[in-house]
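Subject: Structure handover and notes

Dear colleague,

I am passing on the structure we spoke about, together with my notes on it. Please have the sequence and the coordinates open while you read.

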Amino acid sequence: MEASSTSLKTIKFGKLKVVRRHLLQRYEHQPFISCLAGFYSCRWKRYQRRRTEPGKCCCKTRECVFFPLLVGAFCFSLIFLYMWGEAKNDYNNFDWYNYGNLGFWFLWSLVLLIVAAILFTYITLLLVLAMCLLAEGQQLYLHWSHKIGTFLVLGFSITALFILSVLWGDQWKTVRLSFQITAPYLHIGAITIMVLLSWPVALHAIRADKKVVQVIIVGPYLAILLFLFLIPLGMYSPCIREMGTLGPKPALIGHRGAPMLAPENTEMSFQKTIEHGGDGLETDVTISYDGVPFLMHDSTLRRTTNIKEVYPNDTAQNAALFSWDTLQELNAGTWFLKDKPFSCMGSLSRADQNQAMNQSIYKLSNFLRLADSQNKLVIFDLYRPPEKHPYRNSWINRTLEVILNESGIRPHLVLWLENDMRSFVQSVAPGFQQTMGTKAPVEDLLMDNIVKLNLAYTEMSSEDIRKYAAANITTNLYVVNEPWLFSLAWCSGAHSVTTNAVHTLKNLNQPLFLMTPQQYNIMWILTDLTSVLLISLIFALHWWRERSFSCCAHDGGPMLESSTYNKFRTELNDMPAVMA
């Protein structure tokens with residue numbers, strides 16, 4: 001009898017040790033959950049939290065309705081951040097557009113990027129906290145302040161996407177082009193997210209007490225996973241190509257010179273392009289009131305000169321309505337140091353700063369002499385003077401007179417872009433390289449003696465570039481500043497690009513993200529196989545854990561439910577009494 005009593009005490013003691021170990025594990029695990037619930041729900045106390053009962057919903061009805069809004073805010077903020085991140089190539093255009101509407105220069109593009117990154121980070125942290133709480137079997141309750149924040153992120157992202165789509169719809173073409181570079185790596189990122197999501201999905205699917213609920217949880221997850229596994233079959237990138245099939249590096253034409261290193265359309269800017277190995281020079285030509293062609297992009301002198309100080313009453317007047325003597329009085333460099341037109345500009349040396357501060361408006365004839373002396377191609381947009389201008393109807397003739405008679409530039413260095421009076425220009429200057437600014441059938445281009453196309457980079461198509469190249473028509477893309485976009489142009493077969501960043505792209509020795517089809521297939525297959533293995537292990541682990549707990553419950557063991565700290569202390573303190 002005494003032996004039997006001792007044996008019973010031993011069994012009870014063994015079970016109590018197991019209970020104590022489980023309770024300690026559960027208690028020691030609580031600080032992590034406390035942090036998760038505290039940041040997500042502002043519920044730092046254990047008694048404020050509730051675990052999800054097996055087979056029950058992970059949250060109350062109101063929270064079930066709000067959780068999709070949290071996911072939606074994450075998706076829209078991600079789309080906007082990706083779109084705006086890829087739009088970096090055109091930030092200067094965005095800031096220039098806002099300058100025209102607001103009247104002062106500011107790097108609004110950079111501000112928008114910072115705001116988008118902050119909001120995305122915030123909503124991502126909330127979603128990660130929610131996923132972690134679900135993985136721990138906790139009920140979700142988002143604090144009201146975070147709900148307001150979620151609505152703000154969702155509203156901001158949708159509004160920003162809508163406004164940009166209306167005012168700057170071409171930016172979606174940039175996004176589509178970027179997929180040709182980033183898609184293989186976005187695929188890996190998406191698969192990684194699905195692997196991480198498999199933990200809460202497996203937990204709640206295996207805990208579900210109805211087959212229908214399990215199908216509702218697992219079905220969409222597996223459908224998305226299968227779609228991601230197979231999506232590489234539809235991917236296309238010109239940078240995934242066989243070894244030895246890559247064409248030569250595109251020539252670099254400085255857009256208004258080197259506007260990241262010097263004031264645009266000034267002598268210093270073009271000299272910087274030449275110093276960094278640019279192959280050509282691009283500019284914009286306007287004709288002064290007394291017939292002197294000069295370089296100016298804007299219709300007014302307000303942004304790139306000090307006219308506000310010299311002639312404050314004439315800041316809104318068209319640049320072509322000033323005489324050349326008046327234009328020579330203006331400084332065309334001080335604005336560059338004050339306004340900093342690009343967010344990625346490096347610091348200038350003291351000598352460069354002094355040189356920039358002393359730049360003046362540049363004459364077309366001097367520009368052409370500089371290009372001819374350095375054997376550089378030139379291409380320019382020629383602006384027709386406004387109404388009542390003396391050269392309104394003879395602007396092309398006056399420009400040709402300067403090119404052929406005053407500059408002395410060799411004709412083959414001139415890429416003639418202006419389409420008006422093209423036949424006349426060909427008869428007067430047959431040596432010019434006739435250039436077209438739009439796509440057209442090959443037959444029409446050959447009929448007009450077109451040898452080059454000057455296209456916006458958003459019209460990039462490797463198929464069209466090959467088609468035109470077969471007819472000896474080369475393609476120039478503008479304006480290409482970012483290395484990824486230049487890499488895509490290189491892989492697509494572009495002959496040249498117009499860029500603000502000659503100094504950066506000149507150092508690129510091969511396209512970014514270049515790989516062979518075999519390398520990509522290996523990366524794709526390894527990613528899919530690794531993810532299948534990890535997801536299978538996670539589902540198996542949850543099935544094993546739930547099965548073990550279920551067996552323990554059927555054997556009369558304690559269920560490991562969450563409890564308050566006081567209950568935990570009571571259970572530990574009652575152990576000696578049970579032993580007795």
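What follows goes through the disulfide, the helix that carries one of its cysteines, the salt bridges, and two asparagines. Please keep in mind throughout that this is a predicted model.

**The disulfide**

The count of disulfides comes to 1, and the cysteines concerned are Cys239 and Cys491, whose sulfur atoms lie 2.4 Å apart. The link between these two cysteines is right-handed, with 105° about the S-S bond. This pair joins distant parts of the chain, since Cys239 sits in the loop between α7 (211-230) and β1 (251-255) while Cys491 belongs to helix α18, the two being 252 residues apart. Both ends are buried by the cut-off of under 20% relative accessible area: Cys239 has a relative accessible area of 0% and therefore counts as buried, and Cys491, at 4%, is likewise buried. For two other cysteines the values are higher than that cut-off, with Cys42 at 35% relative accessibility and so partly exposed, and Cys344 at 42%, also partly exposed.

**Helix α18**

The helix that holds Cys491 spans residues 483-492 and is mostly covered, with 9 of its 10 residues buried. Among the buried residues are Trp484, Phe486 and Trp490, along with Cys491 itself. Just after α18 comes Gly493, which takes a positive phi of about 95°.

**Salt bridges**

How many salt bridges does the structure hold? There are 13 salt bridges in the structure, and I describe some of them here. As general background, side chains of opposite charge can pair when their charged atoms come close.

The side chain of Lys439 meets that of Asp464 in a salt bridge, at 2.7 Å from N to O. This pair links distant parts of the chain, with Lys439 in the loop between β6 (433-436) and α16 (442-447) and Asp464 in helix α17 (residues 462-470), 25 residues apart. Lys439 has 30% relative accessibility, so this residue counts as partly exposed.

Asp464 also forms a salt bridge with Lys467, where the N to O distance is 3.8 Å. Because Asp464 and Lys467 are 3 residues apart in helix α17, about one helical turn separates them; in general, an α-helix has 3.6 residues a turn, so residues three or four places apart point the same way. Lys467 has a relative accessible area of 43% and is therefore partly exposed.

Elsewhere, Glu264 forms a salt bridge with Arg256, the closest N and O atoms being 3.2 Å apart, and both Glu264 and Arg256 are buried. These two residues also belong to a network of salt bridges that links Arg256, Glu264, Asp284, Asp298 and Arg303.

**Two asparagines**

Asn306 is placed in the loop between β3 (293-295) and α9 (307-310), and its relative accessibility of 14% is why Asn306 counts as buried. The side chain of Asn306 reaches the backbone nitrogen of Asn331 at 2.8 Å, and, leaving aside residues up to four places away in sequence, Asn306 touches Leu330 and Asn331.

Asn98, in contrast to a loop position, lies in helix α3 (residues 91-102). With a relative accessibility of 14%, Asn98 counts as buried, and, not counting residues up to four places away in sequence, Asn98 touches Gly103 and Trp108.

With best regards

Conventions. Residues are numbered from 1 along each chain as its sequence is written. This is a predicted model: local features need pLDDT of at least 70, side-chain atom pairs count only at pLDDT 80 or more; totals for chains, interfaces and linings use all residues. Side-chain values use heavy atoms; hydrogens and water are left out. Helices (H or I, at least four residues) and strands (E, at least two) are DSSP runs, numbered from the N terminus. Buried means under 20% relative accessible area, exposed over 50%, partly exposed in between (1.4 Å probe, protein chains only). A polar contact is a pair of N or O atoms within 3.5 Å; within protein, one must be able to donate a hydrogen and the other to accept it, and residues adjacent in sequence count only if both atoms are side-chain atoms. Contact means heavy atoms within 4.5 Å. A salt bridge is a side-chain nitrogen of Lys or Arg within 4 Å of a carboxyl oxygen of Asp or Glu. A disulfide is a pair of cysteine sulfur atoms within 2.5 Å.
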